[in-house]
Amino acid sequence: MSKMSDMAVTIEELRTAAAAINDAANWLAEMFSGAGDAEPTAPAEPALTLEQVRAVLADKSRQGHTAEIRSLLQKYGAAKLSQIDPAHYKALLADAEVLTDGTGSPCLYARDGGTLAAAGARCKATASAFLSLEGGGASLTNCAMSGGGAALSDGASLTVEGGSLTGEAGEALFLTAGDAEASLTGVTLETPQGGALLCASGGAFTLRCSYQALAGALSFGEGGSLLLVLQNNSSFTGSLPVEARLPVTLTLDGTSRWFVTGDSRLMALTEGEDALSCIESNGFTVYYDAGRAENAWLGGAEHPLPGGGVLKPLS
């Protein structure tokens, strides 16, 4: 037998073996595929229709949210609903979901030790605080909250990272009763109507800031006080009017600054190696209460401040 004949026989044998292996693989696949035991799949979620989405948005518009609905349409690159890709209907409704109307109708609410968390939420409340914590806690991440501000009371705790808090008609943050604390990291605080950034109308409010810029006024009611902690490249731009005798205690780390915009009065300045060098006075005088124990480290003396101003004990 020639070499070519031997090669032809070998090739034919390989083809036969390959066919046999393929047949065996198919048989094993049929035997052990478990096709008969497959778990039933969940039915596909019905696709939202234009009419369904229009009905929801029309209801929100009747509640007074026409401007917000228009902004949502623009978010998806459209001037009217019919121009939006149906693939975005579900996300559009999720954005429109948290719009509330009426007194006592916050978007988010927790009380008596309850906690909540939200990420990426867009919430707007009319005639109400957008967030109400009555002894509860909340953690917000990259949320856009607007309306009557965030109302805290009775030991409430709020942590906000990124996003924005907008007090449409007044303060962005306010303490109504009891003590409360809030931590802000890189949050945009806005008060379009010129209201104070925060108001402590009663109780002790602790505000801790990291990588946070604050600019604006602070207000207080009877019995209210504020511990303002600026750390990790945070800043406060504003004044604490002397005649108002605002009950503010300020803590500054070496990376943070208070940019003073007018003569001011501090109830207390927490002792720190760099505290004095972190007050950019812009030529203004900052007074402190020399009789308070927290200010003992200042020795009742006058201290020069960066920018040509001075820290001066109250006479």
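This is a short tour of some strands and side chains in a predicted model.

Residues are numbered from 1 along each chain as its sequence is written. Because the model is predicted, local features need pLDDT of at least 70 and side-chain atom pairs count only at pLDDT 80 or more, while totals for chains, interfaces and linings use all residues, and side-chain values use heavy atoms, with hydrogens and water left out.

Begin by selecting strand β12, residues 180-185 (strands are DSSP runs of E, at least two residues, numbered from the N terminus). Ala180, Ala182 and Leu184 point to one face and are buried (under 20% relative accessible area, with a 1.4 Å probe and protein chains only), whereas Glu181, Ser183 and Thr185 point to the other face and are not buried. In a regular strand the side chains alternate between the two faces of the sheet.

Next add strand β9, residues 156-161, which pairs with β12 in the parallel sense over six bridges (two strands pair if DSSP finds at least two bridges between them); here Glu161 has Thr185 as its bridge partner. Then add strand β15, residues 203-210, which runs parallel to β12 and is joined to it by six bridges, with Phe205 standing opposite Ala180.

Now move to Lys124 in strand β4, residues 122-126, which is buried at a relative accessible area of 13%. Its side chain makes a polar contact of 3.4 Å with that of Glu168 (a pair of N or O atoms within 3.5 Å; within protein, one must be able to donate a hydrogen and the other to accept it, and residues adjacent in sequence count only if both atoms are side-chain atoms).

Finish with the open sheet of four strands in the order β16-β19-β21-β24, paired in parallel. Strands β16 (213-215) and β24 (279-280) stand at the edges with a single partner strand each, so one side of each has no neighbour in the sheet.

Technical notes. Buried means under 20% relative accessible area, exposed over 50%, partly exposed in between (1.4 Å probe, protein chains only).
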